Every structure is written in C-alpha cells, then in structure tokens.
Amino acid sequence: VSTTLAMVNMSEFASKKPAQLSGGQQQRVALARALVNNPSALLLDEPLSALDVTLRRQMQFELKRIQTEIQTTFIFVTHDQDEALTMSTRIAVMNDGRIELVGTAEDVYKRPNTPFVASFIGSANLLPARVSRQGAGEVLLELEGGGVGVAAGPATLPLGARVLLMLCPEQISLAATSSDSEDGSFAARLVSVDFQGSVFRYGLRRDDGREVVVTLLPQYRPSGVALGDLLTVRWDSAHSWVVPRD
C-alpha cells in the first residue's frame with residue numbers, strides 16, 4: 001500500500017478520510033486501488049471527466065508518468081478528443097460500436113480514413129470536392145463552390161471521386177490579397193477574429209457559405225485586414241489530406 005500511494009504522490013495523505021480529500025486526490029486514490037494488485041491491463045472509463053480543466057491536465061500527465069513507470073497497458077476511454085490525442089500511444093475511434101480507425105495519435109489526427117473520424121478528431125475544416133487528377137503523392141481537387149485544391153491522400157482515388165479536403169486550422173496561412181487562380185488556395189471573407197491566448201482564431205466564409213477556421217500565432221497574423229475583407233486561404237499540400245466520402 002505504501003509503495004502504491006507513493007507512486008500516485010499520496011503518501012502524506014495516507015491517514016486522511018475520503019471526505020478530507022480533494023477531487024484530484026480522490027482520483028489518485030482510485031487509481032492506487034486499481035494498481036495495488038499489479039494488473040496486466042487497466043481499464044479507465046472516463047476517469048477525469050469530473051475534474052476542472054487545470055486539475056484534469058495535471059492528472060493526464062500523472063497518468064502518463066505512472067503508465068511509463070509501471071509499463072502496464074492502460075485502456076483509456078474518453079469522449080474528449082484532445083484528451084485522446086494527449087494520452088494515447090494508439091487510438092481506436094469508434095462509431096456506433098464499430099471501430100473505424102486504429103493508429104497513432106498523429107495518424108488519426110492528420111490522416112483520417114472516413115468523414116466521421118475527420119470530423120470527430122480535432123477541429124479540421126472539411127470542404128467537399130472531386131478528384132481532378134492524381135499523381136506523385138498529391139491529389140488535385142475541384143472544390144465545390146469554386147476553387148482548386150492540392151492535398152496529400154490515399155493512392156487509390158479514382159478520377160471524379162467525391163472527397164473531402166481536410167485542412168487543419170493551424171496548417172493554413174492567410175494573405176491580404178485574394179486569388180483563386182493558384183493551386184492550393186481559395187478566397188474567403190473574414191467574418192470574425194478571436195484572441196485565444198496563445199493564438200488568434202480567424203473565422204472566414206466562402207462564397208458558397210461554407211465556414212473556414214484558421215488559427216495563427218501572433219507573429220503570423222496578416223496586417224492591415226479588417227472584418228469583411230476578402231482574403232486568400234493558402235496551405236501546403238503536404239500538410240493537408242483527402243478523405244474519401246463515397
């Protein structure tokens with residue numbers, strides 16, 4: 001018991017009653033109760049859902065530290081996509097009881113295989129398109145509502161296939177001059193700018209009414225732009241992805 005309490009940094013609270021412990025401390029005791037029998041695998045079913053944001057983040061790092069220390073498989077169930085990306089060595093994304101994708105956090109985030117996975121993990125922009133040409137690891141797309149896109153994607157997409165162009169908000173740049181002529185860009189009108197601490201969140205709207213979200217570090221903000229301006233949305237094809245939707 002003493003060894004397990006030390007593992008979860010609770011040795012000094014060994015004589016306390018449950019009612020004398022904070023929510024985070026009670027979570028640590030619950031984890032200690034599960035670990036004391038040296039299980040070969042441990043199921044954690046949304047263990048941090050009742051904690052506030054700061055304590056939740058602290059417990060995430062503690063769980064990862066403990067898992068690394070004891071080398072026991074943790075099966076961590078969560079509906080929080082950010083938590084899944086933070087915690088996991090491998091992620092299984094489930095939809096209606098069926099596993100749609102299993103992979104590393106980076107694979108699931110950057111290279112989803114279905115529209116559900118693409119929309120469930122993170123906050124990617126998903127724009128309907130059709131395959132115009134494919135080759136050399138890139139797919140040329142005709143965007144519904146106007147514009148041309150270039151992205152990385154699966155190698156088996158037929159010409160004319162209905163797909164989604166996935167653009168992660170942090171992988172997009174903005175320019176003050178608008179142009180639809182170049183591959184890997186389209187025009188959109190600026191409708192909102194929100195400061196979120198470490199980044200600025202830009203909301204844009206294409207002529208077809210589709211919303212696009214861009215997050216930029218302060219040093220990459222376009223200068224001299226105002227709400228209502230028409231901007232160019234650009235991205236690197238290597239940092240985008242094509243998701244089949246047929």
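Arginine 28 is buried in this predicted model, with a relative accessible area of 10%. Its salt-bridge partner is glutamate 62, and the closest N and O atoms of the two are 3.4 Å apart. Arginine 28 belongs to helix H2 (residues 23–35) and glutamate 62 to helix H3, so this contact ties together parts that are 34 residues apart in sequence. Glutamate 62 has a relative accessibility of 14% and therefore also counts as buried, the limit being 20%.

A second salt bridge is found in helix H3, where glutamate 69 meets arginine 65 with 3.2 Å between the closest N and O atoms. About one helical turn separates these two residues, because they stand four residues apart in helix H3. Here the surroundings are partly open: glutamate 69 is partly exposed at 49% relative accessible area, and arginine 65 is partly exposed at 30%. Put together, Arg28, Glu62, Arg65 and Glu69 are linked in a network of salt bridges.

The structure holds 13 salt bridges. Another one of them joins aspartate 208 to arginine 210, with the closest N and O atoms 4.0 Å apart. Both partners are partly exposed, aspartate 208 with a relative accessible area of 30% and arginine 210 with 35%.

Helix H3 also takes part in the fold of the chain. Together with strands S1 and S2, helix H3 (residues 53–70) makes a β-α-β unit that is right-handed. The two strands of this unit, S1 (residues 41–45) and S2 (residues 73–77), pair in the parallel sense over five bridges. One of the places to look for this pairing is alanine 41, whose bridge partner in S2 is threonine 73.

In the loop between S1 and H3 sits glutamate 46. Its phi is positive, at about 45°, although glutamate 46 is not a glycine. With 30% relative accessibility, glutamate 46 counts as partly exposed. Aspartate 96, in the loop between S3 and S4, is another residue other than glycine with a positive phi, in this case near 55°. Aspartate 96 counts as exposed, with a relative accessibility of 78%.

Attention now turns to the interior. In soluble globular proteins, nonpolar side chains tend to be buried together. The largest nonpolar core has 27 residues, of which Phe186 and Leu204 touch the most other members. Strands supply two or more residues each to this core, namely S5 (125–135), S6 (138–143), S8 (162–167), S9 (172–175), S10 (185–195), S11 (200–205), S12 (211–216) and S13 (230–235). Another core, of 17 residues, lies apart from the largest one and includes Leu35, Leu44, Leu63 and Met87.

Empty space can be described as well. Rolling a probe the size of a water molecule over the atoms shows where such space is left. The largest pocket has a volume of about 790 Å³. Its lining consists of 25 residues, and those closest to the pocket centre are Phe76, Ser88, Arg90, Ile91 and Ala92. Two or more lining residues come from each of H3, S2, helix H4 (81–87), strand S3 (91–95) and strand S4 (98–103). S2 gives the largest share of the lining, five residues. Helix H3 and strand S2 thus appear both in the β-α-β unit and in the lining of the largest pocket.

Conventions:
Residues are numbered from 1 along each chain as its sequence is written. This is a predicted model: local features need pLDDT of at least 70, side-chain atom pairs count only at pLDDT 80 or more; totals for chains, interfaces and linings use all residues. Side-chain values use heavy atoms; hydrogens and water are left out. Two strands pair if DSSP finds at least two bridges between them. A crossover is right-handed if, with the strands pointing away from the viewer, the path from the first strand over the helix to the second runs clockwise. A salt bridge is a side-chain nitrogen of Lys or Arg within 4 Å of a carboxyl oxygen of Asp or Glu. Buried means under 20% relative accessible area, exposed over 50%, partly exposed in between (1.4 Å probe, protein chains only). A nonpolar core is a set of buried Ala, Val, Leu, Ile, Met, Phe, Trp, Tyr and Cys residues joined through side-chain atoms within 4.5 Å. On a 1 Å grid over the protein atoms alone, a cavity is a set of points where a 1.4 Å probe fits but cannot get out, and a pocket is an open set with protein on both sides within 12 Å along at least five of seven lines; lining residues have an atom within 4 Å of a point. Grid points are joined across faces, edges and corners, and a volume is the space filled by probe spheres set on the points.
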